[in-house]
Amino acid sequence: MILAGERRVGKPGLPWLVFLHGFSGDCREWQTVGAMVPDYPQLYLDLPGHGGSQDIAVSGFSDVSQLLTNTLLSYNILNYWLVGYSLGGRVAMVHACRQPKGLAGLIVEGGHPGLCDATAREARAESDRRWAQRFRDEPLPSVFRAWYQQPVFDSLTDAQRDELITLRSQNNGATLAAMLQATSLANQPDLRAALNARTTPFHYVYGERDEKFAALAAELNAERHVIPNAGHNAHRDNPAAVAASLAQILRFRIKDIP
């Protein structure tokens, strides 16, 4: 089984950019940014429970990582960077910590490296259980209206919230709920030690108004990139600046290749 996705061709010899969206997004989420670095071959994936992969069910991060491996092999992608936002960033970090063959580097935007204590995990599990029940039982517009009132989205304007509510309400509530619980932060290992032991480049991108993830980024042994005029969803708030960061990262690495 493989994940649904969309592929864009690029120049031969360059590494692939494999884009992973956030919770309730889909393969379109990164395409505005990707269009600004057109030389690179690109793969935009739908995570389980989302878009064209909405009928794929997983029990946890190990299943998602294996699906990602299967999908990359199906495209014969042997040299790639993972680029993930939020949930996609967490999936990317988990996958990178498995030291997969062919991974050239990791770029994470607003992804949590993991909770450090049992109390926090229990609280997160209960919170995600309640959200999952709402996604199953209530109309999606009303659930997303509440979802985007969470503190991490404080930087959104009313117009931005309305736009996201309309966009995300096209999803399937039941499959979103299943993915939310399967990949809950409560179920994710604390990846800090494994990320610090990695052998591939690690870059962390966050919006200047995203105080929570700015603090988390400071805990990681990663090269940090602050995106101006942006909150938690930096690639949506300021796609040109995120694309410029990607171009800078990739030029630096390509230049080092003999």
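Which backbone oxygen does the side chain of Thr183 reach? In this predicted model, the side chain of Thr183 lies 2.6 Å from the backbone oxygen of Met179. Thr183 sits in the loop that links α7 (173-182) to α8 (192-196). Its relative accessibility is 2%, so Thr183 counts as buried, the cut-off for this class being under 20%. Beyond the neighbours within four places in sequence, Thr183 is in contact with Phe61, Val64, Leu87 and Arg90.

Two of these residues, Val64 and Leu87, also appear among the contacts of Leu47. Leu47 belongs to the loop between β3 (42-45) and α2 (61-74). The relative accessibility of Leu47 is 0%, and Leu47 therefore counts as buried. With residues up to four places away in sequence set aside, Leu47 touches Leu3, Leu20, His21, Ser53, Val64, Leu87, Gly88 and Met179. Met179, whose backbone oxygen is reached by the side chain of Thr183, is thus one of the residues touched by Leu47. Between the C-alpha atoms of Leu47 and Leu156 the distance is 24 Å, with 109 residues separating the two in sequence.

The loop between β3 and α2 also holds Ala57. Ala57 has a relative accessibility of 71% and for that reason counts as exposed, the cut-off for exposure being over 50%. Ala57 and Met179 are 122 residues apart in sequence, but their C-alpha atoms are 7.4 Å apart in space.

The strands were examined next. In strand β2 (residues 16-20), five of the five residues are buried, so the strand is largely enclosed by the rest of the structure. Burial applies to both faces of β2: Trp16, Val18 and Leu20 lie on one side, and Leu17 and Phe19 on the other. Strand β2 pairs with strand β4 (residues 80-85) in the parallel sense through five bridges, and in this pairing Leu17 stands opposite Trp81. Strand β2 also runs parallel to β3, to which four bridges join it. Here Leu20 is placed opposite Leu45. Leu20 is also among the residues touched by Leu47.

A further parallel pair is formed by strand β6 (residues 202-207) and strand β7 (residues 223-227), with five bridges between them. Within this pair, Tyr206 has Val226 of β7 as its bridge partner. The chain passes from β6 to β7 by way of helix α9 (residues 211-218), and the resulting β-α-β crossover is right-handed.

Two helices with buried sides were then considered. In helix α5 (140-147), the buried residues are Leu140, Val143, Phe144 and Trp147. They share one side of α5, because the arc they cover around the axis is only 95°. An α-helix has 3.6 residues a turn, so residues three or four places apart point the same way. The buried residues of α5 pack against α4 (118-137), α6 and α7.

Helix α6 (residues 158-168) has Arg161, Leu164, Ile165 and Arg168 as buried residues. These lie on the same side of α6, since the arc they cover around the axis is only 105°. The face turned away from this buried side carries the exposed residues Ala159 and Thr166. Among the elements that cover the buried residues of α6 are α5 and α10 (234-237).

Arg161 lies in helix α6. At 10% relative accessibility, Arg161 falls under the 20% cut-off and so counts as buried. A polar atom of the Arg161 side chain lies 3.1 Å from the backbone oxygen of Phe153. Leaving aside neighbours within four places in sequence, the contacts of Arg161 are Tyr148, Gln149, Phe153, Asp154 and Leu156. Phe153 is thus both a contact of Arg161 and the residue that supplies the backbone oxygen.

For the chain as annotated, an unreviewed UniProt entry lists residues 17-244 as "domain: AB hydrolase-1". In the model, this span is 44% helix and 14% strand. The C-alpha atoms at the two ends of the span lie 14 Å apart.

Key
Residues numbered from 1 in each chain as written. Predicted model: local features only at pLDDT ≥ 70, side-chain atom pairs only at ≥ 80, totals over all residues. Heavy atoms only, no water. Buried < 20%, exposed > 50% of the residue type's maximum accessible area, 1.4 Å probe, protein only. Contact = heavy atoms within 4.5 Å. UniProt positions renumbered as here; feature names shortened; annotations may be inferred. Arc of directions from axis to C-beta. Pairing = 2+ DSSP bridges. Right-handed = clockwise from strand over helix to strand, strands pointing away. Polar contact = N/O pair within 3.5 Å; in protein donor to acceptor, adjacent residues only side chain to side chain.
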